Structures are given as C-alpha cells and as structure tokens.
Amino acid sequence: MEAELAALPATIAQELSVWIKAVRGEGKWEHTGRTYRSIARYWHVLDPILKGWLADGIESLREITHDDVKRAIATRKGTPARSIHIVLRNVFRALRQEGVIFRDPTRGLVFAGINKTPPSVPSDRLASVFSHAQNDFQRFVMVLVCVHALSGTDMRHLLLTDLDLSRERLIVRRPGKRHVVYLDELTYRCASAWLRERHRRWPVTTNPHVFINRWTAVDTTHSPIGTTFTAIFRPTGLTMPTLRQDRIRDEAFEVHDPLHLMRPFGISSQTAMRYITAAHPERTAKLPR
C-alpha cells in the first residue's frame, strides 16, 4: 500500500493516508477497524478510479464533485458498479469525518442496485446439500447459511457468549447493530453437537469464538477462523453466497412485507425491498421509488 501511495501526487496520497487511518479505527471516532486485507480490496476498486481522475487533472480529492462520482459508477454495471459506490462512499465519509473535506460528493447518491434476485437453486440440489456434511462443524455451518442466511463474516466472528442455548438464541454482531437469530430444533441440535465436539477436541482452549480449528484453538491472539467455510460448500457444487441468497429469495416469495425479511435475516431495508420487488413485481410496480 505504501508503494501505491508513493506513486500518487502528494496531496492525494496524504488524503488517502488519512482515509486508511480512519478506516483502521485510528481516526477521530473510535470504532472497530478494518483489516489491511479489507483495505486492499477497497484499493483494488479505487485504484482505476483514481487513475482516471488523475488523467483528468485532479490534484486533490476536494475537487471531486457529485457528477464525478456518478460518472465513475457509470463505468460499470451491476455488482462492480455497486462496489465502486460503496468504496467511494466509504472514502469520502471518512475524509469528511476527519475534516479533510467539508462536502461529501457521495451524499444523497443512491445506487439503484441489481433489480433482480439470483436464480433459484433447484430443490433437489438444495436437499442434497446437507448430505455432504462430514462432521458437526460442517453441519452447523450449513444450517446457519441455508436456514438463517448468515454470511462467512457473521459466522467467523461469532463468540461463545453470543450462543445461548438455554434461551435458544444466537446474537450476530454486525457494524452498528446486532441481529438475534432464534434457534429452531434443527439449528439447536447442530449447535449443541458442535459445542460438545469443540469441547471434546480442545477442552482447554481460550479462544472465545464459536468456530475454531486446530490452529486457532492454540492461537494466543484469539484470532477468528480463516476461509474454511468456503471449502465446506465445494462438494455441493454450490457457493455459500448462492445458498444464502436463495434462502432469502425463497422467503421473499412467501411474504409481501420487507419487514418480514429484515427481521429474520437482519438485512437492510434496501436489500429486503429488492428481494420483495423481484419476487412480487405485480404488487410493487406502483410503489413510489
């Protein structure tokens, strides 16, 4: 990252250094900082946008206007365009927070998003997903994804204190909010089986996370588990995001109110409305945008 910043004009490099510091949680507002890996993903999206602005003669991010941001987003479609919107919004909000700029050019800019839900997973393939689980760890992960639509990030940061079997609930902590998952019978059984297996294999581990492996069990820094979740779903021929989205999509066909999607899955109103609109176009076509 230092090499990339060094290749930029001094003013922009300094502004982006402030952004990185703020995103890392070292700015004026204390919060849980993002990892350098996450910042690198943001940079991958930001870099071509910066090159285009530099070619246009921009010498400072203070010069960027609302129209500049809209043109940058318009260079892509679908998910890549949404990624540009998210990254630019993150950059300019952080710079305004730190007092580097006084006007956020992304403010009031709403990305329309992808106006269709992913194609559904055939029922026979979905039914066979759980048959690929080889142990309690994999079975619990599959249930959390296929039933409760949790993401890899959600599961990776679950703590033992978040899983309360006596109250049959699981607290999922997300930036700025928390989502409560109420355990059905299947999820309860899988959770109980995994906790027993976890204690049997690593009875003295101090790692507070629900999901651990042989490396994180002895990790004194108490780091969360890595990318094991992705590998679990490879034998099924389906990806974890596909199964998660299919669960939300399936629920959207059963309900007509976006609140009924927001509550069980903890998704935003915009995401819920996108699924409802795609599932019931005849009911939502006349709604105000």
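This is a short chat about the helices, cores and backbone of a predicted model.

User: What does the chain contain in helices and strands?
Analyst: The model is predicted, and its chain has 14 helices and three strands.

User: How much of the chain is buried?
Analyst: Of its 289 residues, 40% count as buried.

User: And what share of the contacts join residues at least 24 apart?
Analyst: That share is 58%, taken among contacts between residues at least 6 apart in sequence.

User: Ok, helix 7. Why is helix 7 described as largely enclosed?
Analyst: Nine of its 11 residues are buried, so the rest of the structure largely encloses helix 7.

User: Which ones are buried?
Analyst: In helix 7 they are Phe-137, Gln-138, Phe-140, Val-141, Met-142, Val-143, Leu-144, Val-145 and Cys-146.

User: What do they pack against?
Analyst: The buried residues of helix 7 pack against helix 8, strand 2, helix 9, helix 10 and helix 11.

User: Switching to the largest nonpolar core. Which residues touch the most other members?
Analyst: Val-141, Met-155, Leu-170, Phe-211 and Phe-229 do, in a core of 34 residues.

User: Which elements supply at least two residues each?
Analyst: Helix 7 (136-146), strand 2 (169-174), helix 9 (185-201), helix 10 (228-232) and helix 11 each do so for this core. Helix 7 gives the most, with eight residues.

User: What is Phe-211 in contact with, sequence neighbours within four places aside?
Analyst: From helix 7, Phe-211 contacts Phe-137, Phe-140, Val-141 and Leu-144. Its other partners are Met-155, Leu-158, Trp-194, Ile-225 and Phe-229.

User: What other core lies apart from that one?
Analyst: Another core, of 33 residues, lies apart from it, and its members include Leu-5, Ile-20, Val-23 and Val-100.

User: Back to Gln-138. How far is its C-alpha from that of Ala-231?
Analyst: The two C-alpha atoms are separated by 9.8 Å, while the residues are 93 apart along the chain. Ala-231 sits in helix 10.

User: Is Ala-231 buried or partly exposed?
Analyst: Ala-231 counts as partly exposed, because its relative accessibility is 36%.

User: Now helix 11 and helix 13. At what angle do they pack?
Analyst: The angle between helix 11 (residues 240-254) and helix 13 (residues 269-279) is about 60 degrees, and their axes are 9 Å apart. That angle makes helix 11 oblique to helix 13.

User: Is the crossing left-handed or right-handed?
Analyst: The crossing of helix 11 and helix 13 is right-handed.

User: Which residues make the contact?
Analyst: Helix 11 brings Gln-245, Ile-248, Arg-249, Ala-252 and Phe-253, and helix 13 brings Tyr-275, Ile-276 and Ala-279.

User: How do those divide by type?
Analyst: Six residues of the contact between helix 11 and helix 13 are nonpolar, one is polar and one is charged.

User: Last topic, backbone. What is phi of Ala-149?
Analyst: Phi of Ala-149 is near 55 degrees, a positive value in a residue other than glycine. Most residues other than glycine have a negative phi.

User: Where is Ala-149, and is it buried or exposed?
Analyst: Ala-149 is in the loop between helix 7 and helix 8 (152-156). With 0% relative accessibility, Ala-149 counts as buried.

User: What about phi of Glu-168?
Analyst: Glu-168 has a positive phi of about 55 degrees and is not a glycine. The loop between strand 1 (163-164) and strand 2 holds Glu-168. Glu-168 counts as partly exposed, at 40% relative accessibility.

Terms used
Residues numbered from 1 in each chain as written. Predicted model: local features only at pLDDT ≥ 70, side-chain atom pairs only at ≥ 80, totals over all residues. Heavy atoms only, no water. Axes fitted to C-alpha atoms, helices over the stretch in contact; angles between N-to-C directions. Helix = DSSP H or I, 4+ residues; strand = E, 2+ residues; numbered from the N terminus. Parallel < 35°, antiparallel > 145°, perpendicular 65-115°, else oblique. Left-handed = near helix turned anticlockwise from the far one by under 90°. Contact = heavy atoms within 4.5 Å. Nonpolar A, V, L, I, M, F, W, Y, C, P; charged D, E, K, R; others polar. Core = buried A, V, L, I, M, F, W, Y, C linked by side-chain atoms within 4.5 Å. Buried < 20%, exposed > 50% of the residue type's maximum accessible area, 1.4 Å probe, protein only.
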